[in-house]
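Trainee: Could you take me through one part of this model up close? I'd like to hear how a strand sits among its neighbours.

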Amino acid sequence: MKFTLSWLKDHLETQASLDEILDALTDLGLEVEEVQNPADRLSDFTIGKVMQAEKHPDADRLRICQVATADGDTQIICGAPNAREGITVVIAKPGVYVPGIDITIGVGKIRGIESHGMMCSEREMELSEEHDGIIELPSGEVGERFVDWLAANDPAKVDPVIEIAITPNRPDALGVAGIARDLAARGLGTLKTPAVDAVSGSFDCPISVTIDDDTRDGCPVFAGRLIRGVTNGPSPAWLQDRLRAIGLRPISALVDITNFFTFDRNRPLHVFDADKVQGGLRVHRAKGGEVLEALDDKSYTFQPGMIVISDDSGPESIAGIMGGNPTGVTEETVNVFLESAFWDHVQIALAGRALKINSDARYRFERGVDPEFTLPGLQAATQMILDLCGGEASDVVIAGDVPDHGRAYKLDAARVQSLVGMEIPEADQRQTLTRLGFQLDGDMADVPSWRPDVQGEADLVEEVARIASLTKLQGKPLKRLAAGVPKPVMTPMQRREQMARRTCAALGYNECVTYSFIDQASAALFGGGDDASMLENPISSEMSHMRPDLLAGLLQAAARNQARGFMDLALFEVGPVFSGGEPGEQALQVSGLLVGRTGPKDVLGASRAVDLFDAKADAEAVLGAMGAPAKVQILRDGAAWWHPGRHGRICLGPKKMLGVFGELHPKVLDAMDVKGPAMAFTVWPSEIPLPRKSGATRSALELRDLQAVERDFAFVVDAGVEALTLVNAAAGADKALIEDVRVFDEFIGGSLGEGKKSLAVTVRLQPVAQTLTEADIEAVSAKIVAKVEKATGGSLRG
């Protein structure tokens with residue numbers, strides 16, 4: 001939205017400076033995007049008078065002029081045909097930048113004679129395209145600033161142009177009058193609201209107007225009148241200057257008047273050449289297929305249901321968007337029909353988008369104009385046409401009724417403090433709303449018709465705070481709910497999630513944030529992909545299901561990296577996984593993926609391929625950071641996407657699984673296009689038992705003062721028995737005494753026979769109450785042997 005400062009002052013009586021107005025606009029929510037102030041580029045130009053002009057001895061078209069300036073007489077050489085003695089001119093002294101020719105003036109010699117400045121034309125100062133000669137001023141004192149002379153004699157040429165951004169909820173600010181109203185409410189001046197007097201008609205309007213019944217929801221009221229005997233010549237200079245300043249091209253007086261009201265009062269209008277209208281005007285819905293050549297010289301085909309204005313011959317205007325060429329006004333127009341209507345904003349927006357037309361009328365109607373100004377706007381435009389074009393007006397013809405958008409909301413002065421945090425006296429609140437056009441009846445505020453955005457009590461508070469200025473809002477700390485040290489804000493799960501992220505990052509992993517949606521094939525590899533986790537309206541076929549495991553997204557990320565030459569990867573992600581679509585079928589998961597080598601190749605050979613023990617160590621580190629118990633069991637029988645012999649489940653018991661680590665199944669890697677092997681781990685934070693004590697202090701450190709005892713055992717078992725089975729059996733013999741079980745030897749062949757092997761373990765016993773006697777040790781040893789023999793079917797090696 002563009003307007004000039006002088007245009008604003010037609011509606012606002014103010015002594016505020018330009019900078020004060022600009023600051024207030026942005027603070028009011030009407031953000032200033034650009035200011036074009038011609039005075040800034042003309043501030044260094046001054047007025048001089050040519051005291052003497054002689055022909056240059058070496059050039060027929062040049063004159064040596066003696067010019068009176070503020071610094072005394074100055075010699076300037078000029079080639080303008082009108083350079084002569086006695087004229088008042090505009091001077092650019094040495095050092096002054098001339099914008100029209102992009103030159104900074106200096107002292108120079110022209111054909112051997114010095115010139116100390118320049119006498120300027122209008123084009124050189126970017127005032128117009130006139131460059132046939134230098135500027136001749138009818139008045140002005142020597143040494144006077146040229147911008148001061150323009151402000152007093154031709155203010156349009158130094159009138160600042162302001163451009164503001166309008167948010168969709170402020171259609172009232174699409175008119176200069178609405179902007180002035182906000183500034184007046186802020187206290188920057190007094191709003192000048194000119195009265196709109198009705199123009200009496202002297203004859204009946206020969207053009208009738210009607211609205212079809214099925215169109216009244218899109219056009220509640222349509223009004224117009226005939227003005228005969230007009231002279232549609234150029235509009236006056238003041239009107240042309242204003243339209244040019246905001247980027248519009250003056251066309252003719254009638255068209256310029258309608259454009260003026262569009263920007264002045266946010267009231268789009270349209271004029272028809274009455275002699276080209278056949279019969280009456282009818283507002284109706286298009287059947288589909290009708291064609292109209294609009295004022296932009298383009299033809300548009302209407303879709304069924306679009307609102308059009310037609311006469312007896314067919315469509316003549318696209319309702320609320322753009323008029324048609326067949327009935328457009330020209331310089332020969334002598335009888336004109338002036339139309340003012342109110343259109344439904346939704347239907348105008350739909351039609352404008354479908355036809356791909358952007359016009360000032362559409363821009364305003366689809367955001368909302370003042371319905372109650374429909375008829376006053378018609379009267380005001382009629383008066384301006386009579387003043388500028390002459391003629392005689394008919395009676396007004398109206399179809400439909402002005403819609404009643406009246407509504408009122410309670411003004412609760414105390415809510416300003418609770419909603420905004422500002423203390424504004426109730427008297428100031430009421431005064432603010434009154435200045436904005438609200439009618440107050442007790443504590444009820446009637447919303448003005450030009451504010452469709454006000455839809456509740458909170459909007460009243462917003463208006464009060466906006467005018468009072470939110471820049472005055474002072475930050476205040478929140479009050480504590482209880483005295484003393486506040487309780488932790490984060491929940492235990494949130495703290496675990498935070499610690500998991502920090503630990504993985506500290507271990508050298510790079511965090512990934514992948515989509516919660518994956519394709520059906522990838523989901524099926526990880527136990528998902530069924531109808532329970534399928535999306536009803538997926539973004540694409542590659543995002544059709546909720547992910548059942550984070551490893552699917554990590555493997556896809558690894559495949560993309562490998563395709564681009566990054567073969568050594570350490571990726572992790574923390575996020576939700578889904579077993580279905582119900583609220584309880586979601587769980588938090590932490591997953592890490594290792595592919596390639598532990599580091600780049602070096603001369604020491606420290607780099608090696610990652611293995612499952614890297615994944616195990618990282619999984620244990622993450623679990624430890626989240627507070628998992630140190631004593632856990634490693635079990636087999638993981639999910640199908642893990643390598644059957646190279647993975648382990650980290651458990652607190654057969655049914656309490658905290659996580660899993662190991663090598664991923666080669667078939668899964670092949671399906672995901674990942675070059676393996678790949679190691680991974682997955683941890684479920686919610687499965688870790690919460691500590692019994694929720695206090696902030698740590699439990700006391702327990703140190704054993706009794707000597708630990710280690711005993712070695714060697715068992716002969718079948719070759720297919722896993723060492724893990726033996727270790728778990730030995731550890732479960734006496735959980736109170738046995739602190740650790742480690743495998744230190746494996747022997748196959750020899751006297752053991754075919755299909756047998758020997759596994760040797762060290763069992764560490766840590767007494768708590770008293771030193772172990774030999775009998776105690778023998779009793780525990782017997783339990784260990786019995787447990788292992790039962791679990792593995794083996795025997796103690798003799």
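Mentor: Let's start with a pairing: aspartate 311 has glycine 314 in β22 as its bridge partner. Bear in mind that this is a predicted model, where local features need pLDDT of at least 70, side-chain atom pairs count only at pLDDT 80 or more, and totals for chains, interfaces and linings use all residues. Residues are numbered from 1 along each chain as its sequence is written, and side-chain values use heavy atoms, with hydrogens and water left out.

Now the strands themselves (strands are DSSP runs of E, at least two residues, numbered from the N terminus). β21 covers residues 307-311, and 4 bridges join it to β22 in an antiparallel arrangement; two strands pair if DSSP finds at least two bridges between them. β21 and β22 make a hairpin, with 2 residues between them.

On to the other partner of β22: strand β23 (residues 322-323) pairs with β22 over 2 bridges, again in the antiparallel sense. Here serine 317 has glycine 323 in β23 as its bridge partner. β22 and β23 form a hairpin too, with 3 residues between them, and glycine 320 in that turn has a positive phi of about 70°.

And how covered is β22? The strand spans residues 314-318, and 5 of its 5 residues are buried, where buried means under 20% relative accessible area, exposed over 50% and partly exposed in between, using a 1.4 Å probe and protein chains only.

Terms used:
Helices (H or I, at least four residues) and strands (E, at least two) are DSSP runs, numbered from the N terminus.
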